[in-house]
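Reader: I'd like a close look at one part of this model: the packed interior, and then whatever you can tell me about its surroundings. Keep the cut-offs explicit, please, since I'll want to reproduce the numbers.

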Protein chains: 2
Amino acid sequence: MKLTTKGHYGLKAMYDLALHYGDNPIPLKTVAERQRVPENYLEQLIAVLRRAGLVKSVRGAQGGYILAKRPEEITVGDVIRVLEGPIAPLECVSEEYIGDCDQFHYCITRNVWAKVRDSIVEVLDSISLADMCREAEEIKQSKE
Amino acid sequence: MKLTTKGHYGLKAMYDLALHYGDNPIPLKTVAERQRVPENYLEQLIAVLRRAGLVKSVRGAQGGYILAKRPEEITVGDVIRVLEGPIAPLECVSEEYIGDCDQFHYCITRNVWAKVRDSIVEVLDSISLADMCREAEEIKQSKE
DNA sequence: TAAAATCCCTAGTTTTTTACTAGGTTTTAG
DNA sequence: CTAAAACCTAGTAAAAAACTAGGGATTTTA
């Protein structure tokens, strides 16, 4: 039940971009340093996010990345699905699954994992990048 | 966010034993065949479950395995924790984590994963093997 | 008492995945 | 023109996953 660094780093990067939404494009180097992830590796992850339409890039000097939509419109689920694939503790409970498991119609353990999937999906789809920024802001306030 | 075959096969095996709770010990070979998992591999998994006190073994001819407690008293969470380790999409949100992450006290993405963990834990700890057997029974009834 | 059934244990091995690294090409502001 | 950036792809080292293999110990039963 572990997340890989793809989802982990990718969400950190998206959150970082959300915190600076409205500013000039942020160079990947900056994001990588702030979030302490290897830049070259993050580059591969953000390429996936770009192709999926979640971030936009600006090339050349003074270039960088910005969110393709407002932070309110991007959920954690969006980011994770793009980087980690369909949300499912087991392949046979992913949304796109074409049943080739012989016990498919009578598999009780499968039902358990479908319930787990639903509860994960509900959490991930209910949290937007804007929610994360708001939470950070609240924590910051409460410390002053 | 994937489960490994350890948790998958292990739960199948425990469910199988629960279905036959009260009978004579079930040989592992039988469980492996019914649940279609490699016997030698399952042997390693059930050894872990035995050492954790979830199943008991009876050696020798006519031996096999039985649940160490009633199906009502064993949850899916118990089985998964034993086979897969602490339930946590990221190490830093597992219950036993000793914070050595520099951003520990101010990490918003971490909060997201803690929420995911909580929702998984709630599902896994709320389903017992007895619940699974009951569900199987209901499905069987509704097909008649 | 011997054979068969079964659990028990541990050391490989193969395959897959993860998590990078490296090093180039292209684009654009200044 | 130069530097800063995005873009692209191939390679690789390490770890984990998923078994396989094979021998030993225990108990029933013929």
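**The core and what surrounds it**

Author: The largest nonpolar core has 92 residues, and the members touching the most others are Trp113(A) and Trp113(B). A nonpolar core here is a set of buried Ala, Val, Leu, Ile, Met, Phe, Trp, Tyr and Cys residues joined through side-chain atoms within 4.5 Å; buried means under 20% relative accessible area, exposed over 50%, and partly exposed in between, with a 1.4 Å probe and protein chains only. It's a predicted model, so local features need pLDDT of at least 70 and side-chain atom pairs count only at pLDDT 80 or more, while totals for chains, interfaces and linings use all residues. Residues are numbered from 1 along each chain as its sequence is written, chains are lettered from A and ligands numbered from 1 in the order in which they are written, and side-chain values use heavy atoms, with hydrogens and water left out.

Back to Trp113(A). Leaving out residues up to four places away in sequence, Trp113(A) touches Pro89(A), Leu90(A) and Val93(A), plus Leu3(B), Leu11(B), Val76(B), Ile80(B) and Leu124(B). Contact means heavy atoms within 4.5 Å.

Zooming out to chain A, there are six helices and two strands, in the order α-α-α-β-β-α-α-α along the sequence. Those are DSSP runs (H or I of at least four residues for helices, E of at least two for strands), numbered from the N terminus. Buried residues make up 49% of its 144 residues, and 65% of the contacts with a separation of 6 or more link residues 24 or more positions apart.

One buried spot in chain A sits in a loop: Ser128(A), between helix H5 (108–126) and helix H6 (129–142). Its relative accessibility is 8%, so Ser128(A) counts as buried. Beyond residues up to four places away in sequence, Ser128(A) touches Pro71(A), Glu72(A), Ile74(A) and Thr75(A).

Over in chain B, helix H2 (residues 28–35) buries Leu28(B), Val31(B), Ala32(B) and Gln35(B). They span an arc of only 100° around the axis, so they are on the same side of H2(B); the arc is taken over directions from the helix axis to the C-beta atoms. These buried residues pack against H1, H3 and strand S2 (64–67) of chain B.

Right after H2(B) comes Arg36(B), with a positive phi near 55°, in the loop between H2 and H3 of chain B. Most residues other than glycine have a negative phi. Arg36(B) is at 55% relative accessibility and therefore counts as exposed. Gln62(B), also not a glycine, has a positive phi near 65°, and at 73% relative accessibility Gln62(B) counts as exposed.

Finally, the DNA side. 25 residues surround DNA strand D, and the closest are Leu28(A), Glu43(A), Ser57(A), Tyr65(A) and Gln44(B); near means a heavy atom within 4 Å. Among the strand D atoms within 4 Å of the protein, 64% belong to sugar or phosphate and the rest to bases. Three polar contacts with bases are worth listing (pairs of N or O atoms within 3.5 Å):

- Glu43(A): a polar side-chain atom is 2.8 Å from a base nitrogen of strand D.
- Gln44(B): a side-chain N or O atom is 2.3 Å from a base oxygen of strand D.
- Arg59(B): a side-chain N or O atom is 3.4 Å from a base nitrogen of strand D.

Definitions and conventions: Polar contact = N/O pair within 3.5 Å; in protein donor to acceptor, adjacent residues only side chain to side chain.
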